[in-house]
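Hi,

Here is the structure I promised to pass on to you. Have a look at it first, and then read on for what turned up in its sheets.

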Amino acid sequence: MAFPEDVLSEDEHVVLHLHPHWKALIRPILVLVLAVALVVAGWILLPEGDGGTIALYAIAALGLVLTLWLGLWPFLLWRTTHYLFTNERVLLQEGVFSRNRRDLPLTRINDHSMHQRFVERLLGCGTLTIESAGERGQSVLRDVPRVDRVQTKLYELVEAHHDKHSLGDGEMREILADMREGKPLRDPTS
């Protein structure tokens, strides 16, 4: 499921679009392999006849339930979780049937930090915590792939956005000089 482009503003573009790290898919794959192995083992080892057939159906039903509950559902959660970094904001979206989305404008991001446990360092993922001004304060993104690079990219995005939307020292001096001379104010972006 691709992230819908219609949530972006006119001048906004995607810089990074991530799902949680692939390690989230290890358990669903293991559950699927185990379920198939149980059904095949039951088919081979159970005796023929009514009792064996009923037991095989019970094993197959159990395997199907486990595959749907512990295999398909985590896969769907992984697939529908989006970490989207644009030139204007960070969008966090999750949800299979219902959807939760949070927008963090780059102007409101105060701080960001990353944390990697030893195993996460080996796998190349980690947790990114973004602190923003507002009621909700912190957003924790778990299992971010290449979290060190993502944190660096977020820093670059915040700085570039700040530089784009603020006046430099030279521009401020020109405006003050124009005001002292009585010249009309001009748009510094033009």
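Two strands are taken to pair if DSSP finds at least two bridges between them. Please keep in mind that this is a predicted model.

By that rule, strand β2 (residues 82-86) pairs with strand β3 (residues 89-94) in the antiparallel sense, over four bridges. One residue to click on is His-82, whose bridge partner in β3 is Gln-93.

These two strands belong to an open, antiparallel sheet of four, in the order β1-β2-β3-β4. Its edge strands, β1 (14-18) and β4 (100-105), each pair on one side only. From one strand to the next, the twist averages 10°.

There is also an open sheet of three strands, again with antiparallel pairing, and its order is β5-β6-β7. Here β5 (109-115) and β7 (138-145) each have a single partner strand, so one side of each is left without a neighbour in the sheet. The twist in this sheet averages 20° from one strand to the next. Strand β6 (residues 125-132) runs antiparallel to β7 and is joined to that strand by six bridges. Within this pair, Gly-126 stands opposite Val-144 of β7.

And which strands does α4 touch in the β5-β6-β7 sheet? The helix packs on that sheet with contacts to β5, β6 and β7, and its direction makes about 170° with that of β5. Helix α4 (residues 147-164) also lies across β1, β2 and β3, where it runs at about 150° to β1.

Enjoy exploring it!

Best wishes

Methods
Residues are numbered from 1 along each chain as its sequence is written. This is a predicted model: local features need pLDDT of at least 70, side-chain atom pairs count only at pLDDT 80 or more; totals for chains, interfaces and linings use all residues. Side-chain values use heavy atoms; hydrogens and water are left out. Axes are lines fitted to C-alpha atoms, for helices over the stretch in contact, and angles run from 0 to 180 degrees between N-to-C directions. Contact means heavy atoms within 4.5 Å.
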